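User: I have a two-chain model to read. Where should I begin?

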Amino acid sequence: MNQAISLLVVDDEESVRNSLYNWFREDGYEVGTAKDAYEALQQIEKAHWDIMLLDIKMPGMDGLELQRRVREVNKEIVIIIMTAYASVDTAVQSLKEGSYDYVVKPFNPDDLSHLIRNAAEHLSLKNENLQLRQDISHLAGMEEIIGDSPQMKRVMELVRTVATSDSTVVIRGESGTGKELIARAIHCHSPRRYFPVVPVNCGALAESLLESELFGHEKGAFTGAQSRRKGKFEMADRGTLFLDEIGNVSQKMQMELLRVLESKQFTRVGGNQTIHVDIRLICATNKNLEKAVEEGTFREDLYYRINVFTIILPPLRERRSDIPLLAQHFINKYAKIMNKEIKEISPQAMDLLIRHHWPGNVRELENAVERAMVVGKPPYLRPQDLPFQLSSEPVEESAEMDSLAEIEKRHIRHVLERSGWNISKAAVTLGIDRVTLYNKIKKYQLRK
Amino acid sequence: MPRVQVVPLLELKTETRDRLFTAIEQQTTWPAELMLLPFDPQYAYDVAREQYHSSQLLLGLKNKSDLNDDKILAIVPFDLFIPILTFVFGEAHLNGPCAIVSIYRLRPEFYGLPPAPGLVVERLVKECIHELGHTFGLRHCKNMGCVLNASTYVEEIDLKTHEFCEDCRGALLQTGSSLIQ
Ligand SMILES: [Zn+2]
Ligand SMILES: [Zn+2]
């Protein structure tokens with residue numbers, strides 16, 4: 001039975017409290033009720049509750065405010081928001097602030113029992129797996145993906161389509177186009193959304209580290225392995241594993257990955273116990289995998305194994321119409337974080353943003369806005385606040401005659417010079433990782 | 001000796017009634033008896049939802065009838081709801097006297113399927129025993145075949161039997177005897 005699970009129902013309507021009280025008691029849960037936020041807080045003081053079902057609209061302190069108060073003292077309780085159709089927006093807000101999910105009144109009985117069952121399962125998993133805690137906040141997923149352009153609308157359509165299936169997805173696009181956000185959006189709209197989405201950046205780790213990162217290791221498996229550790233495959237069990245930069249993994253790891261994907265089982269490094277996992281795989285790459293297969297650097301069998309469904313993210317310069325929207329989003333974001341009274345950007349500065357080439361894509365744009373927000377003064381951002389206004393080569397003017405590679409090369413050199421060839425700093429400004437930057441320096445034969 | 005009073009607000013065919021009463025007697029060990037109650041459910045009708053509020057009907061039934069230690073089981077032709085849910089197949093007072101079951105969503109016609117009278121009788125019997133189980137203080141049971149397995153869609157009703165599993169039967173005997181004491 002569900003004896004271990006306790007549920008607190010908070011709603012100002014008596015009939016709702018009674019209904020839910022009876023319904024959950026029949027299902028074997030331990031149930032308490034509260035008619036307002038004040039009573040709810042008392043109940044939470046007095047006893048431990050696993051799950052709280054919370055009406056968003058209540059006289060006095062409303063559900064959202066109560067959620068905030070509860071979250072301050074209790075990070076563990078699973079909060080499910082009850083809402084009417086009219087206030088779904090508020091419910092989405094509640095997700096961002098850490099509620100687990102929401103239901104729209106009246107509920108379909110099947111949905112409700114599934115939701116609670118999932119929440120209960122989630123609870124027992126959560127105790128075992130801290131990873132999950134971080135992921136609740138990602139449940140909302142989509143709102144960070146911004147764009148009105150036809151290209152982005154098409155991408156979102158694909159996300160919705162593929163989310164409901166369990167097939168492997170490859171997300172392709174340049175650095176900084178937001179491949180991880182897309183992976184999270186797919187996960188959040190899939191039946192696996194109550195389980196974790198676990199990202200791994202395969203490009204950032206050396207082979208041996210990646211192996212233990214993915215498969216975990218037993219105590220003493222290698223020098224420094226002081227305790228047993230679960231790998232990302234295990235953490236993603238029943239959820240989604242997101243392998244970023246899949247095109248960068250070594251031949252040996254490619255073979256290992258293929259083996260795990262085919263058998264759905266593996267052993268920890270230095271262990272011999274077989275571990276079974278049920279995961280959905282999403283990969284991302286900015287490499288041309290077909291070319292890599294042709295050249296023999298990427299296994300053909302692995303390529304076919306993962307390349308079931310492809311989503312291609314357009315670079316920012318191919319969807320410039322989204323730049324104003326994105327810029328405004330980042331302005332709002334950093335105004336809030338930095339507590340600054342900057343709400344807008346001047347037309348001249350916006351013009352610069354729109355004409356810029358953005359080799360680092362959305363991430364570069366975000367970094368540019370963040371930096372501008374640091375140096376800028378209220379009430380709005382000006383051209384001189386932007387990191388590239390000093391460029392002696394106005395980017396777009398010559399662009400018509402130059403190839404993209406030429407522009408990229410020039411921009412990277414420019415950023416490198418400005419940062420005094422500090423690779424980490426330049427990579428951050430460009431919105432790409434250091435490995436990618438090194439590769440580009442090599443490619444364009446840039447020198448100090 | 002306490003009984004289960006069965007109050008149909010629709011016409012029950014003799015075969016249906018016999019099938020139901022036998023099942024009740026076998027499963028609860030209490031005799032079942034037909035009770036024709038003058039009961040107008042109109043007060044529980046919700047115009048906006050075009051459904052009947054099942055909790056209000058349960059209260060009404062409780063006030064209307066002469067119970068002593070009896071259980072009362074109403075069977076209705078119309079769709080039932082509780083405020084928080086879009087519908088319910090039935091409702092019962094946990095460890096209380098009253099239960100109600102609707103036949104409305106048990107009919108295949110509701111789902112656009114051809115009529116299947118035999119199937120509807122089986123579903124009705126299962127839902128009646130299920131709700132009665134709650135009146136004896138039993139909660140939902142995880143055993144797949146058990147009549148107290150929770151059903152939130154109609155195909156789930158078809159998956160279970162009309163009988164209590166061993167665990168539930170054991171629990172029922174305990175509460176049943178404590179009630180009689
Ligand atoms: Zn039940
Ligand atoms: Zn049972």
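Analyst: We take the chains, then the contact between them, then the salt bridges. Keep in mind that this is a predicted model.

User: How many helices and strands does each chain have?

Analyst: Chain A has 20 helices and 14 strands. Chain B comes to five helices and eight strands. Reading chain B from the N terminus, the order is β-α-β-β-β-α-β-β-β-β-α-α-α.

User: What share of the residues in each chain is buried?

Analyst: The test is relative accessible area, and under 20% counts as buried. In chain A, 53% of the 448 residues pass it. In chain B, 56% of the 181 residues do.

User: What do carbon and sulfur atoms give to the accessible surface of each chain?

Analyst: Chain A exposes about 21200 Å², and carbon and sulfur supply 49% of that. For chain B the surface is about 8300 Å², with 53% from carbon and sulfur.

User: And sequence separation? What share of the contacts joins residues at least 24 apart?

Analyst: Count contacts between residues at least 6 apart in sequence. In chain A, 70% of these join residues at least 24 apart. In chain B, the share for 24 or more positions is 66%.

User: Now the interface. What is the area buried between chain A and chain B?

Analyst: The general idea: interface size is often given as the accessible area lost when the parts come together. Here about 1800 Å² is buried between chain A and chain B, and carbon and sulfur atoms give 60% of it. The contact takes 22 residues from chain A and 19 residues from chain B.

User: Which polar features cross the interface of chain A and chain B?

Analyst: Six residue pairs are in polar contact there, both residues at pLDDT 80 or more. The count of salt bridges between chain A and chain B is zero.

User: Which elements of chain A supply residues to the side that touches chain B?

Analyst: Helices α1 (14–26) and α5 (109–128) of chain A each supply at least two residues. α1(A) gives the most, with eight residues. By class, this side of chain A has 10 nonpolar, seven polar and five charged residues.

User: How many salt bridges does the whole structure hold?

Analyst: The search finds 29 over all chains. One of them joins R268(A) and E234(A), at 2.9 Å from N to O. R268(A) lies in the loop between β9 (265–267) and β10 (274–276) of chain A, and E234(A) in helix α10 (232–235), so the pair ties together parts 34 residues apart in sequence.

User: Are R268(A) and E234(A) buried or exposed?

Analyst: Both R268(A) and E234(A) are buried.

User: What about a pair within one helix?

Analyst: Take E256(A) and R259(A), whose closest N and O atoms are 3.4 Å apart in a salt bridge. They are three residues apart in helix α11 (251–263) of chain A, so about one helical turn separates them. E256(A) counts as buried, at 14% relative accessibility. R259(A) is partly exposed, at 47%.

User: Which salt bridge should I inspect in chain B?

Analyst: R3(B) and D70(B) meet at 2.6 Å, N to O. R3(B) sits in the segment before β1 (4–8) of chain B, and D70(B) in the loop between α2 (54–64) and β5 (71–76), 67 residues apart. R3(B) is partly exposed at 23%, whereas D70(B) is buried at 7%.

User: Which residues are linked in a network of salt bridges?

Analyst: D11(A), D55(A) and K105(A) are linked that way.

Note on methods: Residues are numbered from 1 along each chain as its sequence is written. Chains are lettered from A and ligands numbered from 1 in the order in which they are written. This is a predicted model: local features need pLDDT of at least 70, side-chain atom pairs count only at pLDDT 80 or more; totals for chains, interfaces and linings use all residues. Side-chain values use heavy atoms; hydrogens and water are left out. Contact means heavy atoms within 4.5 Å. Buried area is the accessible area (1.4 Å probe) that two parts lose on being put together, summed over both. A salt bridge is a side-chain nitrogen of Lys or Arg within 4 Å of a carboxyl oxygen of Asp or Glu. A polar contact is a pair of N or O atoms within 3.5 Å; within protein, one must be able to donate a hydrogen and the other to accept it, and residues adjacent in sequence count only if both atoms are side-chain atoms. Helices (H or I, at least four residues) and strands (E, at least two) are DSSP runs, numbered from the N terminus. Ala, Val, Leu, Ile, Met, Phe, Trp, Tyr, Cys and Pro count as nonpolar, Asp, Glu, Lys and Arg as charged, and the others, Gly among them, as polar. Buried means under 20% relative accessible area, exposed over 50%, partly exposed in between (1.4 Å probe, protein chains only). Accessible areas come from the Shrake-Rupley method with a 1.4 Å probe; for residues, only the protein chains shown count as cover.
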